Amino acid sequence: MRSPHLRQGLVQLQQESYFFCFYGELFPFLDKTLKICCYTETVLAKVRQIVYYGSVLFYHQRSFSMLHRFFRFVTQSLLTFLCILLLGGLLAGGWFFYQGRQLYRSAASSYPVASMYDTIRARGSYTSYDALPQTYINAVICTEDEHFMTHKGIDPGAIARALLADLRTHSLAEGGSTLTQQLAKNELFTQDKHLARKAAEMLAAFDLEKAYSKQQIFEMYANTIYFGNGCYGITQAAEGYFGKEPAQLTDAEAVFLAGLPNAPSLYASSPELALKRTQTVLKRMVKCRVLTQMQADAIAEEAAGLTV
């Protein structure tokens with residue numbers, strides 16, 4: 001027989017076994033429940049994060065969309081304005097070209113380009129290209145028309161620079177005319193500054209370039225340009241300012257005369273301004289590399305002693 005103490009111990013052990021069995025099954029359940037809750041909380045946090053970033057992205061997408069539509073509207077408006085401006089410019093250019101063509105036809109009917117060379121030579125006081133000092137030729141080209149030997153009558157780069165300068169000053173002070181255009185203006189047209197005359201001048205320059213060599217065009221220019229003091233052409237200018245033939249001009253005298261046609265009346269009445277203009281011509285010659293700085297300085301020193 002089992003003793004009472006043994007039976008009591010067995011009963012207590014059995015009760016404790018039931019307790020441990022119950023909690024042994026309960027703990028895994030609670031552990032899983034806790035894990036599920038933690039996972040759910042994590043999932044909910046992720047969902048909240050996704051919703052937040054989604055709302056921010058949606059807001060920015062709306063902002064980007066609005067900005068995109070705004071910039072597209074501005075771009076389209078600018079393109080439309082530029083197209084209208086371009087069309088207006090083309091129409092205006094066409095109108096001035098038409099007027100210039102009529103003006104050139106009227107002038108050429110009484111003074112054909114084909115007869116210009118012989119007409120100028122017949123006037124007397126004429127100096128041929130070969131008799132012109134090379135320093136004078138270089139000075140004129142560097143100062144008045146740097147690309148004279150290569151262009152076909154007009155210099156688009158010079159015209160663009162003159163246009164920008166005129167827009168800045170709100171005037172027509174700069175024309176960007178080549179030597180060929182200046183010859184056409186002096187022989188065929190008036191000195192009035194308007195766009196129709198500029199168009200006519202260009203058309204005449206094209207025909208002059210087709211009809212004559214560069215040397216003949218320069219020769220005609222040098223023999224018709226105004227030098228101030230009533231002197232027209234290089235022959236009268238050399239005689240009037242220095243009492244000699246063009247071929248006898250010194251380098252300083254040649255450079256001095258090359259600068260006068262830019263503003264003949266002004267420079268003829270002011271030797272100081274004429275000397276400053278000579279300095280400008282020399283700087284252009286150095287820039288065009290037809291003179292070294294040492295040569296330019298020597299000519300400038302000589303020019304300072306000229307008696308005009």
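**Exercise 1. Lys198 and its partners**

Task: Decide whether Lys198, with a relative accessibility of 16%, counts as buried or exposed, and establish how Lys198 and Glu201 interact.

Solution:
1. The model is predicted. Buried requires a relative accessible area under 20%, and Lys198, at 16%, therefore counts as buried.
2. Glu201 has a relative accessible area of 0% and is buried as well.
3. A salt bridge joins the side chains of Lys198 and Glu201, with an N to O distance of 3.3 Å.
4. Both residues belong to helix H6 (residues 195-211); being 3 residues apart, they are separated by about one helical turn.
5. The pair does not stand alone: Arg197, Lys198 and Glu201 are linked in a network of salt bridges.
6. Arg197 can also be placed relative to another helix. Its C-alpha atom is separated by 9.9 Å from that of Gln102, although their positions lie 95 residues apart along the chain. Gln102 lies in helix H1 (residues 4-110) and is partly exposed, at a relative accessible area of 36%.

**Exercise 2. Salt bridges across the sequence**

Task: State how many salt bridges the chain has, and determine which parts of the chain are tied together by the pair Arg123 and Glu187 and by the pair Glu144 and Arg277.

Solution:
1. Side chains of opposite charge can pair when their charged atoms come close. With a cut-off of 4 Å between nitrogen and carboxyl oxygen, the count is 8 salt bridges.
2. In the salt bridge between Arg123 and Glu187, the closest N and O atoms are 2.7 Å apart. Arg123 sits in the loop between helix H2 (116-121) and helix H3 (134-144), whereas Glu187 is in helix H5 (residues 179-188), so this pair connects parts 64 residues apart in sequence.
3. The surroundings of the two partners are classified separately. Arg123 is partly exposed, at 47% relative accessibility, while Glu187 is buried, with a relative accessible area of 14%.
4. Glu144 and Arg277 also form a salt bridge, their closest N and O atoms being 3.7 Å apart. Glu144 is located in helix H3 and Arg277 in helix H11 (residues 271-287); the pair therefore ties together parts 133 residues apart in sequence.
5. Glu144 and Arg277 are both buried.

**Exercise 3. Cysteines**

Task: Give the number of disulfides and explain why Cys142 is not bonded to Cys288.

Solution:
1. A disulfide is a covalent bond between the sulfur atoms of two cysteines.
2. The cut-off for the sulfur pair is 2.5 Å. The cysteine sulfur closest to that of Cys142 is in Cys288, at 3.6 Å, which is too far for a bond.
3. The chain has 0 disulfides.
4. Cys142 is buried, at 5% relative accessibility. Cys83, by contrast, counts as exposed, at 51%.

**Exercise 4. The chain as a whole**

Task: Describe which secondary structure elements the chain contains, and report how much of the chain is buried.

Solution:
1. The chain contains 12 helices and 0 strands. Its pattern along the sequence is accordingly α-α-α-α-α-α-α-α-α-α-α-α.
2. The chain has 308 residues, and 34% of them count as buried.
3. Among contacts with a separation of 6 or more, 63% are between residues 24 or more positions apart.
4. The accessible surface comes to about 19,700 Å², and carbon and sulfur atoms account for 63% of that area.

Terms used
Residues are numbered from 1 along each chain as its sequence is written. This is a predicted model: local features need pLDDT of at least 70, side-chain atom pairs count only at pLDDT 80 or more; totals for chains, interfaces and linings use all residues. Side-chain values use heavy atoms; hydrogens and water are left out. Helices (H or I, at least four residues) and strands (E, at least two) are DSSP runs, numbered from the N terminus. Buried means under 20% relative accessible area, exposed over 50%, partly exposed in between (1.4 Å probe, protein chains only). Contact means heavy atoms within 4.5 Å. Accessible areas come from the Shrake-Rupley method with a 1.4 Å probe; for residues, only the protein chains shown count as cover.
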